[in-house]
Amino acid sequence: MRKYFAEFIGTFVLVLFACGAAAVLGCSTVDANAAYALTALAFGLVIVGMAYSIGNISGCHINPAVSLAMLISGKMNVKDFVGYVVAQVAGAFAGSAVMLGITGGEFGYGANGLYKDDIVVSLIVEVILTCVFVLVILGVTSKAEYSNVAGLVIGFTLTLVHIFGIHFTGTSVNPARSLAPAVFTGGAALSNVWVFIVGPLVGGAIAALIWKVLAKETK
């Protein structure tokens, strides 16, 4: 339960602070302005902070796509996978609920959107972004000697994928992060949210399979 609670807290912070930053800063997929850069940085900084606070308790997945990759890689069992995902989704909804309580929904919730209403391109973008992100996580957490820098590496990588991906989809790479804001936003965000659930999960699974091949070759 400590692990699940840690995942709840981590995902709550991610959605409230990072998605909240995107909302209140007015981050746009059209203009690569200061809000765009600050939003990307906010997501990365949340991961760094959470990695060094709850990482030693739960591993700081705070993302169902990461947990799926860990399951496929044999680094967690099915029971923990289910518990992690439930906690992550609950934490995401709590984060959006607090955002609603603070702002009344005035600025939105940082929901994702399709790139030019193109489902296929949006799916491809999310698969690629998540695959890269999760592959880095699997690599940097594979050796104990990397533990001191793992949080920084993962945080900077999430910042990187946001810098590239915000223009296209707002960058999800995390089904829990996308589901809660979409439910609170409603409309097109909710009807298209499946793209930001399926894409990251597929990307995470592909990353796990790639890592299995790379790790085997390394051994």
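In which hand does H1 cross H4? In this predicted model, the crossing of H1 past H4 is right-handed. Helix H1 spans residues 2–25 and helix H4 spans residues 78–103; their axes lie 7 Å apart and meet at an angle of about 35°. On the chemical side, the contact of H1 with H4 draws on 14 nonpolar residues, together with seven polar and four charged ones.

The pairing of these two helices also includes a salt bridge, formed between the side chains of Lys-3 and Asp-80, with an N to O distance of 2.9 Å. A search of the whole structure turns up one salt bridge. Because Lys-3 belongs to helix H1 and Asp-80 to helix H4, the pair ties together parts that are 77 residues apart in sequence. The two partners can also be described by their accessibility. Lys-3 has a relative accessibility of 31%, so this residue counts as partly exposed. Asp-80, with a relative accessible area of 14%, is buried, since the cut-off for that class is under 20%.

Turning to the pockets, the largest one holds about 570 Å³ of space. Its lining is made up of 34 residues, and those closest to the pocket centre are Gly-59, Cys-60, His-61, Met-70 and Thr-141. Several helices take part in this lining: H1, helix H2 (34–58), helix H3 (64–72), H4, helix H5 (119–140) and helix H6 (147–169) each contribute at least two residues. Helices H1 and H4, described above as a packed pair, are thus both found again among the contributors to the largest pocket. By residue class, the lining of the largest pocket comprises 18 nonpolar, eleven polar and five charged residues.

The second largest pocket has a volume of about 210 Å³. Here 18 residues form the lining, with Ala-22, Cys-27, Gly-110, Ala-111 and Gly-170 the closest to the centre. Two or more lining residues come from each of H1, H2 and H6. Helix H6 provides the largest share of the lining of this second pocket, with three residues. The composition of the lining of the second largest pocket is eight nonpolar, nine polar and one charged. For readers following individual helices, H1 is a handy thread through the model: H1 packs with H4, carries Lys-3 of the salt bridge, and supplies residues to the lining of the largest pocket and of the second largest pocket.

How values were computed: Residues are numbered from 1 along each chain as its sequence is written. This is a predicted model: local features need pLDDT of at least 70, side-chain atom pairs count only at pLDDT 80 or more; totals for chains, interfaces and linings use all residues. Side-chain values use heavy atoms; hydrogens and water are left out. Axes are lines fitted to C-alpha atoms, for helices over the stretch in contact, and angles run from 0 to 180 degrees between N-to-C directions. Helices (H or I, at least four residues) and strands (E, at least two) are DSSP runs, numbered from the N terminus. A crossing is left-handed if the near helix is turned anticlockwise from the far one by less than a right angle, and right-handed if clockwise. Ala, Val, Leu, Ile, Met, Phe, Trp, Tyr, Cys and Pro count as nonpolar, Asp, Glu, Lys and Arg as charged, and the others, Gly among them, as polar. On a 1 Å grid over the protein atoms alone, a cavity is a set of points where a 1.4 Å probe fits but cannot get out, and a pocket is an open set with protein on both sides within 12 Å along at least five of seven lines; lining residues have an atom within 4 Å of a point. Grid points are joined across faces, edges and corners, and a volume is the space filled by probe spheres set on the points. A salt bridge is a side-chain nitrogen of Lys or Arg within 4 Å of a carboxyl oxygen of Asp or Glu. Buried means under 20% relative accessible area, exposed over 50%, partly exposed in between (1.4 Å probe, protein chains only).
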